[in-house]
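The following report goes through a protein–DNA model in running text, with one small table. Please keep the display at hand while reading.

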2 protein chains.
Amino acid sequence: MAQKIKLSTIADALGVSTATVSLALRDSPLVADETREKIKLEARALGYIYNRRAASLRTSRSGIVGVVVHDIMNPFYAEILRSIEMELDRSRQTFILSNHYDQLEKQRNFIDTLLQLGADGVIMSPAIDTPIEDIAQAEENGLPIVLIARSIPGVKAPVFRGDDAFGISLATNHLISLGHKRIAFIGGTDQTSTGRDRYQGYVHAMEKAGIEVDPELRIPGPRTKLGGFEASPQFLAMKNRPTAAVCWNDLVAIGLMNGIARAGLLAGHDISVTGYDDLEEAEIATPSLTTVWNGQREVGRKAARALLDRLSGTPSQMRQELIVPELRIRQSTTRPMKQV
Amino acid sequence: MAQKIKLSTIADALGVSTATVSLALRDSPLVADETREKIKLEARALGYIYNRRAASLRTSRSGIVGVVVHDIMNPFYAEILRSIEMELDRSRQTFILSNHYDQLEKQRNFIDTLLQLGADGVIMSPAIDTPIEDIAQAEENGLPIVLIARSIPGVKAPVFRGDDAFGISLATNHLISLGHKRIAFIGGTDQTSTGRDRYQGYVHAMEKAGIEVDPELRIPGPRTKLGGFEASPQFLAMKNRPTAAVCWNDLVAIGLMNGIARAGLLAGHDISVTGYDDLEEAEIATPSLTTVWNGQREVGRKAARALLDRLSGTPSQMRQELIVPELRIRQSTTRPMKQV
DNA sequence: TGATTATGTTAAATCGAATGACAAAATCTT
DNA sequence: AAGATTTTGTCATTCGATTTAACATAATCA
């Protein structure tokens, strides 16, 4: 490996000072055009590599942004990540990614790493039971936080997410208006704000329509395809089997539909199914999935913007924002079969 | 925000030197046990945060590893990433992730960023047409590289990937042994080593069985569900329609099966379909997908190990490694229908 | 001509931790 | 008890870039 090229290497080669080189490379108006050009040329010729660690030690800006989500393998988060990436790219920030798999321990480790690296900020979807102090403490140590997808009661950080209660009520009402009365709620947990909101949305919609909510109709579980798939036997075996299912998300819905198909029944005909998120896959699924668009792109984009604004000192007025979900009706929902 | 706590803050508080504090916190045997304990306690009490930038400026080890793949939203890469993550976690390295979407430009930018940050190494699945010089140059600048999934002809860096030609021949032979003769090859491109290997594997298997290879049976395309889905009309409209399809990967296969279902036909009955990768989803799909296990987990794990070994100076003998794929027979492949 | 302003450049002081070279104190030899 | 050895701890410098006050020099003005 060639010896390290640094500012002083360039400075010596040209007989100027490192100060001039530093200023020139960063396009400071303090340097004469001619000098600047000469320096830039020489830098390129020598194969100079800017040392961010050294710079950030001095400036205390690292150009690093952390992103933490539950699981990047989940397409819902993956879509959010992509839009965050696009936004950050534009501003020359690098991002460091981590999953927390809902383990507080992992999340704390990651935040600690970010602090050590002097990260400029974090975008995170907090793990279950994240205490509000964790957020406050990070902020105190100079790490601004923006939350996505999930909120924490009483938190002061900006939050960007979909209006889950409203979104689920859209799906539930749609099924009710088709004539369904026995509607199951499949997948998910009560431990996140998202979870509580979604179940509440379902309960409210049912109650408003004068339909009694039967707690047995709720099958909690993992928010994955496998989760939906594995819930299907229990679902199909219910006494007085439901004619429809509101699923936690598209993954669960697709898993459930696959399970239904395995049993020789047809989703969208024998049983109506709704998803949530409107992943790219919802349209391709067979039958195509009725679902609720949840604005993942928006969430990612806005969260990234909010953070960048904050970093650049622009006081962002966007503190909290609920993205308004929209129903996407496709083939997985139809009127209930005659009998029953 | 409280004022910064640094080594000297602790040192002053206890009346020792920063050198002692530095050594104590890193468990150096040069410090007396009693002193060490006192220092650690004080550090915790003050809420000291280790400044990695400062340290790495001095030590030129950053604890950062870069990971570049085509697209983290692709479950194939996501599974690799997860195993890399597990491995790196263990060694307290932080990883920075980036997609290159097969754009050389993006890839170069990312490598540049890693150099600036003083990353310790990179694990990458190179973008299409990555010149061998790009790899060499990074290495010259002190950035060790380990390749995964794709290789580059003549490259000197370690490479970990599946034996694609062999894997596809497993799938193809399986279909041939079931009695299929007209077998299409759906999805993918010729521009990667993976692409060439996979198509070659198919061609060889066909030729070996004495079946003529009809170039029309190849439908290249995106390696996604949507790609498979959108290839289905063309596939179904072929004159003398094939009775089976070897798909580039599971995503394409599942997309194709969905397309087939839309047309009122049944994969695994009317048309046999094979995938590649054996994603978690392959088992859940309806019909469950016959596919080829490609050792994603292995690839990620071994690549991470190889890099870590290299970083720690352990001379790793693992330079190149082809993981041997295995056929997983499920319900999407059956004997061809009588007629035709 | 001397005073004032504009324009370029630089010396020197950081940022926070790591470390090789030393020094002082404590313990051991013989 | 003098010298050798070990234990424990400190000093001073280094890593590479940023930044600001200070300093030349040239240009403009009265």
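In this predicted model, strand S8 (residues 244-247) of chain A is joined to S9(A) by 3 bridges, and the two strands run parallel. Within that pairing, A:Val246 has A:Thr274 in S9(A) as its bridge partner. The two strands belong to an open sheet of 4 strands in chain A, arranged in the order S7-S6-S8-S9 with parallel pairing. Strand S7 (218-219) and strand S9 (272-274) of chain A are the edge strands, each of them pairing on one side only. In general, the strands of a sheet pair through backbone hydrogen bonds, in either a parallel or an antiparallel manner.

Taken as a whole, chain A has a secondary structure of 13 helices and 12 strands. Its radius of gyration is 26 Å, well over the 20 Å that the globule rule gives for 340 residues, so chain A is more spread out than a compact globule. The C-alpha atoms of chain A fill a box of roughly 90 × 40 × 35 Å along the principal axes. Of its 340 residues, 49% count as buried, and among the contacts in chain A between residues at least 6 apart in sequence, 72% join residues at least 24 apart.

Turning to the DNA, 26 residues lie around strand C, and those that come nearest are A:Ala19, B:Lys6, B:Leu7, B:Ala19 and B:Ala54. The elements giving two or more residues to this surface are helix H2 (18-25) and helix H4 (52-59) of chain A, together with helix H2 (18-25) and helix H4 (52-59) of chain B. DNA strand D is surrounded by 25 residues, of which A:Lys6, A:Ala54, B:Ala19, B:Thr20 and B:Ala32 are the closest. For the surface near strand D, H2 and H4 of chain A and H2 and H4 of chain B each supply at least two residues. The element that gives the most to the surface near strand C is H4(B), with 5 residues, while the largest share near strand D, 5 residues, comes from H4(A).

The table sets out the residue classes of the two DNA-facing surfaces and of the side of chain A that touches chain B.

| Surface | Nonpolar | Polar | Charged |
|---|---|---|---|
| Near DNA strand C | 14 residues | 7 residues | 5 residues |
| Near DNA strand D | 13 residues | 7 residues | 5 residues |
| Side of chain A touching chain B | 19 residues | 12 residues | 8 residues |

Between the protein chains, 39 residues of chain A are in contact with 39 residues of chain B. On the chain A side, two or more residues come from each of several elements, including H4, helix H5 (75-90), strand S2 (94-99) and helix H6 (104-117). The largest share of that side, 5 residues, comes from H4(A).

Helix H2 of chain B, one of the elements that supply the surface near strand C, can also be described from its buried side. Which residues of H2(B) are buried? They are B:Thr20, B:Val21 and B:Ala24, and because they cover an arc of only 100° around the axis, they lie on the same side of H2(B). What covers these buried residues includes helix H1 (7-14) and helix H3 (33-46) of chain B. Just after H2(B), B:Asp27 takes a positive phi of about 60°.

Terms used. Residues are numbered from 1 along each chain as its sequence is written. Chains are lettered from A and ligands numbered from 1 in the order in which they are written. This is a predicted model: local features need pLDDT of at least 70, side-chain atom pairs count only at pLDDT 80 or more; totals for chains, interfaces and linings use all residues. The radius of gyration is taken over C-alpha atoms; the globule rule is 2.2 Å times the number of residues to the power 0.38. A residue is buried if 20 or more other C-beta atoms lie within 10 Å of its own, exposed if 12 or fewer, and partly exposed in between; C-beta atoms are placed from the backbone. Two residues are in contact if their C-beta atoms, placed from the backbone, lie within 7 Å. A residue is near a molecule or strand if its C-beta atom, placed from the backbone, lies within 6 Å of it. Ala, Val, Leu, Ile, Met, Phe, Trp, Tyr, Cys and Pro count as nonpolar, Asp, Glu, Lys and Arg as charged, and the others, Gly among them, as polar. Two strands pair if DSSP finds at least two bridges between them. The arc is that of the directions from the helix axis to the C-beta atoms.
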